[in-house]
Amino acid sequence: TIEQQIASHKEKMNELYLRHGVKPLPDSLEDPDVPDNPPCDCCGELWKGIHACAVCQLAFYCSKECQRAAWKQGHKKECKDLQAKAKATAERVVNTMMDTTLSGLERIQGLEPLSCTGYYKAALECGINTAIQELMKEEKKCFLVRLLEDTSHDVSFVCWIMGALFRGGRREGHGLDREDREDEKKVIAYGGIDGYRCKSYIMSSPDAFEDWFQASIEIITCSMHRDVAKIEDIRANALRHAVEMLNGWHIIFANKKVSKAIILGCSKCSNQAAVKRAKWMAKQIKFALIKFWNAAEGIDIEGQLEFYVYILSAEITLRVKEHNVPVDFIKLLGLKGRRKRQFKQKILLLADHMIRKGTSLDQCEGEFVLQGGRIDY
């Protein structure tokens, strides 16, 4: 079945992640059995490295006492060497991302070192956000071509970046800025995002978010293309990328600080700019929904992708309302009749629970909510 093919492709992608040093996505969004912190760099106690060196952010300690002791024992001299190593690695990664002579896989398979905050800090100074935006722009234009022609290296730049760089709960767990500390308990495995990194990218350029979102819409709707629908393996790949992409965006809009950065932009953003952004997002989503509405029967299995797009639309609807942006987002989506009733009666309830939980709902939670239940998170 097509579901089995999607599962098979997911296994292949995780094998690819492991082979190139990228941590695979877990099957569950629940807490991992083993803590995801590094060992203490002073006493060596496993899983206790919760305090990072404020300068290099590459050494971790179980306590302030161990941190002070390590500084006297040699980290004071080692710190500069670690910063230099981080800068050299970051420059190499960023340059590789920008090298259009390489294959898609070669350009992004080396992102794993940047999971460490110290390396990512260096990468920001080396222009990682510019490199990310260039890949987003390429994805917008070339994803369908790569999907159809480069089947040996089936990768999505956007999915890979969201999985390797923007996901929360990485091994040291220090990717959050001060504003995001209140959301830190929600950052678990792929069940959360790194608010600092996402906001850093969104704020790096006036059109950074637009390029990201448009590339995502291209990936989400690609499975509707007639050439993709003809070939079972390619179609399964397209569906897998689309589901992964939508799950990522569900988590992004479940994060209060990141969704605020998306909708309102900088703190001085005018109300008119927020309205313009909301209308632009509605236009992109409506474009995707129309593709699903007009698709041949059977292309979108049981309406799965369309349902996920509705959930994303509902999350944005609630966030737009939360930030007092004066637009009727539901009207902008063009929903009418049965679709509009279901959206208001069911989809908004699911989205509200996802926002309050801070991540996606599991199947049991979703069924309970659809039956009229309410869960207090």
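Contact, on this tour, means heavy atoms within 4.5 Å. Keep that cut-off in mind as you click through this predicted model.

**Stop 1: the whole chain**

Start with everything in cartoon view. The protein has 16 helices and two strands. Of its 377 residues, 51% are buried. Now think about contacts between residues with a separation of 6 or more: 67% of them link residues 24 or more positions apart.

**Stop 2: Thr-221**

Select Thr-221, which sits in helix H8, residues 208-221. Is Thr-221 buried or exposed? Its relative accessibility is 1%, so Thr-221 counts as buried. Show its side chain and you will find that it reaches the backbone oxygen of Ile-217 at 2.9 Å. Next, add Phe-287, Ala-288 and Lys-291 to the selection; Thr-221 touches these three when residues up to four places away in sequence are left out.

**Stop 3: Lys-140**

Move on to helix H5, residues 128-149, and pick out Lys-140. With 25% relative accessibility, Lys-140 counts as partly exposed, because the partly exposed class runs between 20% and 50%. Which residues does Lys-140 contact, leaving aside neighbours within four places in sequence? They are Asp-211, Gln-214, Ala-215 and Glu-218. Draw a distance between the side chains of Lys-140 and Gln-214, and you will see a polar contact of 3.2 Å. Asp-211 deserves a click too: it is 71 residues from Lys-140 in sequence, yet their C-alpha atoms are 7.4 Å apart.

**Stop 4: the largest nonpolar core**

Now for the interior. In soluble globular proteins, nonpolar side chains tend to be buried together. The largest nonpolar core here has 105 residues, and Ile-132, Phe-166, Trp-212 and Trp-249 touch the most other members. H10 supplies the largest share of this core, with 11 residues. Zoom in on Ile-132 and show what surrounds it: beyond four places in sequence, Ile-132 touches Met-97, Tyr-120, Ile-161, Leu-165, Phe-166 and Tyr-201.

**Stop 5: Leu-239 in H10**

Stay with helix H10, residues 232-254, and select Leu-239. Leu-239 has a relative accessible area of 3% and is therefore buried. Add Gln-304 to the view: Leu-239 and Gln-304 are 65 residues apart in sequence, and 9.7 Å separates them from C-alpha to C-alpha.

**Stop 6: where H10 meets H11**

Show H10 and H11 together. The two helices pack at an angle of about 95 degrees, and their axes are 5 Å apart. That angle makes H10 roughly perpendicular to H11. To see the contact, select Trp-249, Ile-252, Phe-253 and Ala-254 on the H10 side, and Lys-256, Val-258, Ser-259 and Ile-262 on the H11 side. Colour the residues of this contact by type and you get six nonpolar, one polar and one charged. Trp-249 is a return visit, having already appeared among the core residues that touch the most other members.

**Stop 7: where H11 meets H13**

Keep H11, residues 256-264, and bring in H13, residues 304-322. How far apart are the axes of this pair? They are 10 Å apart, and the packing angle is about 80 degrees. H11 and H13 are therefore roughly perpendicular to each other. In H11, select Lys-256, Ser-259 and Ile-263; they meet Arg-319, Val-320 and Glu-322 in H13. By type, the residues of this contact are two nonpolar, one polar and three charged. Lys-256 and Ser-259 take part here, and both also belong to the contact with H10.

**Stop 8: three loop residues**

Finish in the loops. Asn-324 is in the loop between H13 and helix H14 (329-333). Asn-324 is not a glycine, but it has a positive phi of about 60 degrees. With a relative accessible area of 64%, Asn-324 is exposed.

Next, find Gln-57 in the loop between strand E1 (51-52) and strand E2 (60-61). Gln-57 also has a positive phi, of about 55 degrees, without being a glycine. At 22% relative accessibility, Gln-57 counts as partly exposed.

Last, select Thr-359, in the loop between helix H15 (337-357) and helix H16 (363-370). Thr-359 is a buried loop residue, with a relative accessible area of 9%. Add Ile-193: Thr-359 and Ile-193 are 166 residues apart in sequence and 9.1 Å apart in space, C-alpha to C-alpha.

Notes: Residues numbered from 1 in each chain as written. Predicted model: local features only at pLDDT ≥ 70, side-chain atom pairs only at ≥ 80, totals over all residues. Heavy atoms only, no water. Helix = DSSP H or I, 4+ residues; strand = E, 2+ residues; numbered from the N terminus. Buried < 20%, exposed > 50% of the residue type's maximum accessible area, 1.4 Å probe, protein only. Polar contact = N/O pair within 3.5 Å; in protein donor to acceptor, adjacent residues only side chain to side chain. Axes fitted to C-alpha atoms, helices over the stretch in contact; angles between N-to-C directions. Parallel < 35°, antiparallel > 145°, perpendicular 65-115°, else oblique. Nonpolar A, V, L, I, M, F, W, Y, C, P; charged D, E, K, R; others polar. Core = buried A, V, L, I, M, F, W, Y, C linked by side-chain atoms within 4.5 Å.
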